[in-house]
Amino acid sequence: MLAAGTAIRVRDDWPETRGRCHIRTPHFCRGRRGRIVRHLGDFPNPEDLAFGRPAPRRALYHVAFDQPAIWGEGAPGDDLLVEIFEHWLTEDEA
């Protein structure tokens with residue numbers, strides 16, 4: 001489990017270009033750096049549930065992103081808060 005405050009990067013992956021899929025990770029945060037705010041619990045993977053496949057439980061997190069870096073507007077300290085499943089996240093060394 002990732003701890004609050006852990007620096008992460010969202011996978012820069014576009015599975016929808018490879019065929020039918022159900023993706024819960026917003027386009028605007030793919031490839032971006034953020035930080036873990038909190039663990040929300042473990043839930044069946046909706047990417048599998050959408051197609052009636054067995055769905056392993058996956059950790060879901062609130063992840064904060066620097067709003068000005070993503071949207072190009074906002075004040076320093078403004079954040080976007082997004083729910084993202086752990087299999088889309090990697091710890092970021094930077």
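In the predicted model, F28 is partly exposed, with a relative accessible area of 30%. This value lies between the limits of 20% for buried and 50% for exposed residues. W71 is likewise partly exposed, its relative accessible area being 46%. These two residues form an aromatic pair, and a search of the whole structure finds 1 such pair. The ring centres of F28 and W71 are 5.0 Å apart and the ring planes meet at 45°, so the pair is classed as tilted. Planes under 30 degrees apart would count as stacked and planes over 60 as edge-to-face. F28 belongs to the loop between β1 (7-10) and β2 (33-44), whereas W71 belongs to helix α2 (residues 67-71). The pair thus links distant parts of the chain, with the two positions 43 residues apart in numbering.

A further contact with an aromatic ring involves a charge. The charged end of R11 sits over the ring of W88, at 4.3 Å from the ring centre.

The protein chain contains 2 helices and 5 strands. Along the sequence these elements follow the pattern β-β-α-β-α-β-β. The radius of gyration is 14 Å, close to the 12 Å given by the globule rule for 94 residues, so the protein chain is as compact as a globular protein of that length. The C-alpha trace spans about 45 × 30 × 20 Å along its principal axes. Of the 94 residues in the protein chain, 36% are buried. Among contacts between residues at least 6 apart in sequence, 55% join residues at least 24 apart.

The 5 strands form an open sheet with antiparallel pairing, in the order β4-β3-β2-β1-β5. The edges of the sheet are β4 (79-85) and β5 (89-91); each has a single partner strand, so one side of each is left without a neighbour in the sheet. On average, and with direction ignored, neighbouring strands are turned by 40° against each other.

Strands of a sheet pair through backbone hydrogen bonds, in either a parallel or an antiparallel arrangement. Within this sheet, β2 pairs with strand β3 (residues 57-66) in the antiparallel sense, over 8 bridges. R38 stands opposite H62 in β3. In the sheet order, β2 is placed between β3 and β1. The strand β2 (33-44) also bounds the loop that holds F28, the other boundary being β1 (7-10).

How values were computed. Residues are numbered from 1 along each chain as its sequence is written. This is a predicted model: local features need pLDDT of at least 70, side-chain atom pairs count only at pLDDT 80 or more; totals for chains, interfaces and linings use all residues. Side-chain values use heavy atoms; hydrogens and water are left out. Rings of Phe, Tyr and Trp (its six-membered ring) pair if their centres lie within 6.5 Å; planes under 30 degrees apart count as stacked, over 60 as edge-to-face and the rest as tilted. Helices (H or I, at least four residues) and strands (E, at least two) are DSSP runs, numbered from the N terminus. Buried means under 20% relative accessible area, exposed over 50%, partly exposed in between (1.4 Å probe, protein chains only). A charge sits over a ring if NZ of Lys or CZ of Arg is within 6 Å of the ring centre and within 35 degrees of the ring normal. Two strands pair if DSSP finds at least two bridges between them. Axes are lines fitted to C-alpha atoms, for helices over the stretch in contact, and angles run from 0 to 180 degrees between N-to-C directions. The radius of gyration is taken over C-alpha atoms; the globule rule is 2.2 Å times the number of residues to the power 0.38. Contact means heavy atoms within 4.5 Å.
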